[in-house]
Amino acid sequence: SRGLGDVYKRQPINTAIEILDINGKILRHYLTSNKSKYEISILDFSPGVYFLKTFNESNSLYFKFFKL
């Protein structure tokens, strides 16, 4: 794995993306503005369990992922 991932949004609205560790600590925070695709890197992350949170003024979604 390259340690890179793409996050796609259905609508190009202002959205925030956060990467959190297993304890809920925010490791990365991105503001995507009007982009529909955003590339994130986890190359410097240790192997483990992480969460990706996307949110805007009306919705929030969480995704669990693993770095091996």
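Strand β2 pairs with strand β5, residues 48-55, and 6 bridges hold this antiparallel match together. One facing pair here is alanine 16 of β2 and phenylalanine 55 of β5, which stand opposite each other. Keep in mind that this is a predicted model.

β2 itself covers residues 16-21, and it also joins β3, again antiparallel, with 5 bridges. Look for isoleucine 19 on that side: arginine 28 in β3 stands opposite.

Now follow β5 the other way. It pairs with β6 in the antiparallel sense, and a hairpin of 4 residues links the two strands. Valine 49 faces phenylalanine 66 of β6.

Here are the pairings side by side:

| Strand pair | Bridges | A facing pair |
|---|---|---|
| β2 and β3 | 5 bridges | isoleucine 19 and arginine 28 |
| β2 and β5 | 6 bridges | alanine 16 and phenylalanine 55 |
| β5 and β6 | 8 bridges | valine 49 and phenylalanine 66 |

So what do the pieces add up to? Put together, the 4 strands make an open sheet, running in the order β3-β2-β5-β6, with antiparallel pairing. The edges belong to β3 (26-31) and β6 (60-67); each has a single partner strand, so one side of each has no neighbour in the sheet. On average, neighbouring strands of this sheet are turned by 20 degrees against each other, direction ignored.

As for what links such strands in general, they pair through backbone hydrogen bonds, in a parallel or an antiparallel way.

Methods. Residues numbered from 1 in each chain as written. Predicted model: local features only at pLDDT ≥ 70, side-chain atom pairs only at ≥ 80, totals over all residues. Heavy atoms only, no water. Pairing = 2+ DSSP bridges. Axes fitted to C-alpha atoms, helices over the stretch in contact; angles between N-to-C directions.
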